[in-house]
Structures are given as structure tokens and as C-alpha cells.
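Biologist: Could you walk me through some of the terms used for this model? I would like to see how each label is earned.

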Amino acid sequence: MSDTEKRRVAILISGRGSNMTALIEAAKAQGFPAEIALVVSNKADAGGLKIAAQHGITTTVIESRPFGTDREAFERALQDKLTASRIDLVCLAGFLRLLTPWFVKQWEGRMLNIHPALLPAYRGLHTHERALADGVKIHGATVHFVVPEMDAGPIVMQGAVAVRADDTVETLAARVLAVEHQIYPDALRLVASGGVRIENGVCRTRATGPADDRLISPAVI
């Protein structure tokens, strides 16, 4: 695939952007259908800005604080930058802003987010704490399209881990994060290559699962 055929992607961050790094590394592979063209942070001290720059990616800061409570005014400034950069797809990677319906509408079917839980379970914050408190045996992460309702968009891809009896929030979070770093680039590959479609609010894909797709936890030996 030539560079002119690749979808231009912007990653929005607020912090160190570990998922951003996973996307950048994946996009370096030959034949990957997207290029990371821009990284935008709403915080000037976000650690991910330096990392992106080290990879030769254009970065910009649009501080959200000066806009106060006017979220749409901030988003219009963001939208102007995305438009000027000819962005095709947007990936949220630890972007700590609630997006307005106006902005989400601009990127309907073209904006992805990753959530540290198996949606629709555990929308919102503190997902690992809640999963452990409920005693679930399988936990994971979800890549989904962004819609106005938080963590409710069509699901593109999910990855799961078994919850261990001795898990803490930290150990569980670490294993889920490793899954995030795998599925986010894979989901972007699918979307950028035209391998998904949305029908009646559900994401359909041409990709298939492994031949043995069972994950049973705990395992009884």
C-alpha cells in the first residue's frame, strides 16, 4: 500500500499515551493501512508529546483550560486543526475530555476509543476495581466507535484475560493494558482498511476469531 492510500490518523492524548505508542509502532509496519499524521494534546505537559516527536510525528497542543466550561469552543479549535491536517480517522488514547455531541457528530464512524473493560460491562471509571469487587472471572478491554453516550458505541474488537484469585488492581490493570496494546492497533488496521461496517448500531467485520475461541476461567484441572 502506498503512502498516498493510507488513512491519515490523529491521536488525541492528555498524558503519557501508552496506547498512542502502540499505535505508532504498529503503523510503522509495511502494508499498515494508516499513518499516524498528528498527535494532539489538551495539556502542554503531556508526556506523550515528547514520545511522538521522537518518532518524527507532528504534535500540537490545544490547551483546554483557557476555554473554561465552553467545551464546544475548545472542540472547534481542535476541529480546525484536524481539518487543516487532512485527518481521516481519530483515535482517543487517554484523552481526558468529555466530548460534546457536536464534535462526535463530525467524526461519526471515524473516531475510535479504547476502554479497559469488556463493554457493555463497567462503563466509566475504576473498571478494574469494580471487576474485582464483583468477582468476575474474565475481564478485558474494548475498542469501540465513539458516540455521544459514554462508552456506548459500536464495538470493533475486544480482548480478554482471566482474572486470577490473587489479582490486585495493579496486576489486573497491567495484563489488561497489554491486551489494549494489542487490540487497538489491530482494530485500527481493520477500520482503516475498510474491514468494518456499522449496521443498526452494531459493528460488523470481515475478520474472524481463532478456531478455538474459548476462554474459561478458572480452569479446573
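Modeller: Gladly, and let us begin with a cysteine: Cys91 is buried, with a relative accessible area of 0%. This is a predicted model, where local features need pLDDT of at least 70, side-chain atom pairs count only at pLDDT 80 or more, and totals for chains, interfaces and linings use all residues. Residues are numbered from 1 along each chain as its sequence is written, and side-chain values use heavy atoms, with hydrogens and water left out.

Biologist: Why is Cys91 called buried?

Modeller: Buried means under 20% relative accessible area, exposed over 50%, and partly exposed in between, using a 1.4 Å probe and protein chains only. Cys91 has 0%, so the word buried applies.

Biologist: And what makes Cys203 buried?

Modeller: Its relative accessible area is 12%. That value is under 20%, so Cys203 is buried too.

Biologist: How do you know that Cys91 is in no disulfide?

Modeller: A disulfide is a covalent bond between the sulfur atoms of two cysteines. Here a disulfide is called when a pair of cysteine sulfur atoms lies within 2.5 Å. The nearest cysteine sulfur to that of Cys91 belongs to Cys203, 13 Å away, so the pair does not meet the cut-off of 2.5 Å. The structure holds 0 disulfides.

Biologist: What makes 17 residues in the lining of the largest pocket nonpolar?

Modeller: Ala, Val, Leu, Ile, Met, Phe, Trp, Tyr, Cys and Pro count as nonpolar, Asp, Glu, Lys and Arg as charged, and the others, Gly among them, as polar. Sorted this way, the lining of the largest pocket has 17 nonpolar, 14 polar and 5 charged residues.
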